[in-house]
Amino acid sequence: MERRRLGNLEVSAIGLGCMGMAGVSGMAAMYGPVDRAEAIATLHRALDLGIDFFDTAEVYGPFANEELLGEALADRRDRAVLATKFGFRIVDGRAQGTDSRAQTIRAVCEASLRRLRTDRIDLFYQHRVDPAVGIEEVVGTLADLKREGKILGIGLSEAGADTIRRAHATHPIDALQSEWSLWERTLETDILPVTRALGIGLVPYSPLGRGFLAGTARRAEDLPDGDYRRTDPRYQGANFDHNMALVAEVRAVAAAHDASAAQVALAWLLAQGQDVVPIPGCKRRATLEDSAGAVALRLSAEELARLEAASPIGATAGERYGNPAMLRMVRL
C-alpha cells in the first residue's frame, strides 16, 4: 500500500471512514443496517490490505463508534493510526451545538482514550469550529495535549481559510478534514491553496459523494427510512437527475480501465497530490476491497480533464446538507 504524509504523520494513501459503522447522534444506521461482526472484520481486513488510517469521532454513535474501534483494534493497536474528533456538546445522546472549551477538549480526550483502549490518539481533530472559543485557545490546548503525549497530531475539520492560518500560526496543523470529491470541489478555490502553502495534509471525507459517485445511487424517496440520504438535497428530484450526468462520465472512464466507478472517483482525488488522503466510508469487506483498488489505478491527463470538465466547481445541483444548521457550521 502506498504511503503518504499528513504533517508529521505517515499513513496509508487511503484511510477508512468508520462513521457508517455506528452513525451520528443517535442515528445508528445512517447508511443502512450495520452487521457488527462484519464491521469488525472490515477493520481487520483493512490492516491486511495495508490500510492503517482509521477515522472516527466522539459524536459517532455517540461514543459507540470509538468503542467499536477500541474492541476491534485492541490487539492490533500498534499497526493502526487512529484519528478521532471533539467539538460537539452532546446532550441526551445528540449533538447540541459546539463546545471547544479547554476543559471539554481535555475531558473528551480522556474519554476517547478509554473508549479506544489506547494511550495516545494519533490525530485529534476539532470536528467543527466553535465560534465562542478562539482558535488560538483551542490549538493551544491541543498543543499542551501533544506535549503530554496524549495526542500525536493536531487536525481541524471544515475550517475556513483565515481560521486555518491563525491555527497554524499558533502550532503547526497536521491535517484538515473537509468534504472533497468530484461533486464537491468548492474547497479548491480558497482552502486548498492555504493548506498547500502551509504544508497541511488534506483528508477528504465523503470522497464518493455519500455513495453517489459509486454509480449505484437510488433516489432519496427510494431509500429506506432512517437512511441519511433521504434528506440529502443532492439525492432528491431534479437534482438527482442533474447529478447523474456526472456519474455517467465516471462510469465511462471506469469502463476503459475495467474498474468500478468508485475506484475512478477515488483515483481522481488521489491524483490531486501526495498530500491528499481520502477516507471512503466502508462497513463491509467487499466495499473496502473495491476502494483499496483505487490506489493502483492511474488515470491519464485526458481522463482527469474529462472528469473535471463534467464536474466544474459549484456545478453539482443541491446544497451539501439538507439541514441549514449544518451548512452554517462549515468554513468558519
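A residue is termed buried when its relative accessible area is under 20%. The views below show a predicted model.

**Figure 1. Helix α5 carries buried residues along one face.** Helix α5 comprises residues 161–170, and Ala-161, Thr-163, Ile-164, Ala-167 and His-168 are buried within this helix. Viewed down the axis of α5, the buried residues occupy an arc of 155 degrees, and they therefore line one face of the helix. The elements that cover these buried residues include α4 (135–147) and β9 (154–157). Also among the covering elements are β10, α6 and α7 (192–198).

**Figure 2. Trp-183 and Tyr-235 form an edge-to-face aromatic pair.** The whole structure contains 6 aromatic pairs. In the pair shown here, the ring centres of Trp-183 and Tyr-235 are 6.3 Å apart, and the angle between their planes is 85 degrees. Trp-183 belongs to the loop between β10 (175–179) and α6 (187–190), whereas Tyr-235 belongs to the loop between β11 (201–205) and α8 (237–257). The pair thus links distant parts of the chain, 52 residues apart. Trp-183 counts as buried because its relative accessibility is 2%. Tyr-235 has a relative accessible area of 1% and is therefore buried as well.

**Figure 3. Tyr-235 also pairs with Phe-212, and both residues belong to an aromatic cluster.** The centres of the Phe-212 and Tyr-235 rings lie 5.1 Å apart with their planes at 85 degrees, so this pair is edge-to-face. Phe-212 and Tyr-235 both lie in the loop between β11 and α8, so the pair ties together parts that are 23 residues apart in sequence. Both residues are buried. One aromatic cluster is formed by Trp-183, Phe-212, Tyr-235 and Phe-240. Arg-234 is positioned over the face of Trp-183, at 5.2 Å from the ring centre.

**Figure 4. Ser-181 is buried in the loop between β10 and α6.** Ser-181 is classed as buried because its relative accessible area is 0%. With neighbours within four places in sequence set aside, the contacts of Ser-181 are Ser-206, Pro-207, Gly-209, Leu-213, Trp-268 and Leu-269.

**Figure 5. The largest nonpolar core comprises 83 residues.** In soluble globular proteins, nonpolar side chains tend to be buried together. Within the largest core of this model, Leu-16, Phe-54, Phe-124, Leu-142 and Leu-299 touch the most other members. Helix α9 (residues 261–270) gives the most to this core, supplying 9 residues. Apart from neighbours within four places in sequence, Leu-299 is in contact with Val-253, His-257, Val-264, Ala-267, Trp-268, Leu-304 and Leu-307. A second core, separate from the largest one, has 16 residues, including Phe-53, Val-203, Tyr-205 and Tyr-321.

**Figure 6. Cys-18 and Cys-282 are buried but do not form a disulfide.** The count of disulfides in the model is 0. For a disulfide, two cysteine sulfur atoms must lie within 2.5 Å. The cysteine sulfur closest to that of Cys-18 is in Cys-282, and no bond is assigned because the distance of 8.9 Å is too far. Conversely, Cys-18 holds the closest cysteine sulfur to that of Cys-282, again at 8.9 Å and too far for a bond. Cys-18 is buried, given its relative accessible area of 0%. Cys-282 likewise counts as buried, at 5% relative accessibility.

**Figure 7. A cis peptide bond joins Gly-61 and Pro-62.** Most residues other than glycine have a negative phi, and most peptide bonds are trans. For the bond between Gly-61 and Pro-62, omega is about -5 degrees. Pro-62 is part of the loop between β4 (53–55) and α2 (64–73).

**Figure 8. Asp-92 and Arg-331 have positive phi values.** Asp-92 is not a glycine, yet its phi is about 50 degrees. Its position is in the loop between β6 (88–91) and β7 (94–98). Asp-92 is classed as exposed because its relative accessible area is 79%. Arg-331, also a residue other than glycine, has a positive phi near 60 degrees. Arg-331 lies in the segment after α12 (324–327). Since its relative accessibility is 23%, Arg-331 counts as partly exposed.

Key. Residues numbered from 1 in each chain as written. Predicted model: local features only at pLDDT ≥ 70, side-chain atom pairs only at ≥ 80, totals over all residues. Heavy atoms only, no water. Phe/Tyr/Trp six-rings, centres within 6.5 Å; stacked < 30°, edge-to-face > 60°. Helix = DSSP H or I, 4+ residues; strand = E, 2+ residues; numbered from the N terminus. Buried < 20%, exposed > 50% of the residue type's maximum accessible area, 1.4 Å probe, protein only. Lys NZ or Arg CZ within 6 Å of the ring centre and 35° of its normal. Core = buried A, V, L, I, M, F, W, Y, C linked by side-chain atoms within 4.5 Å. Contact = heavy atoms within 4.5 Å. Arc of directions from axis to C-beta.
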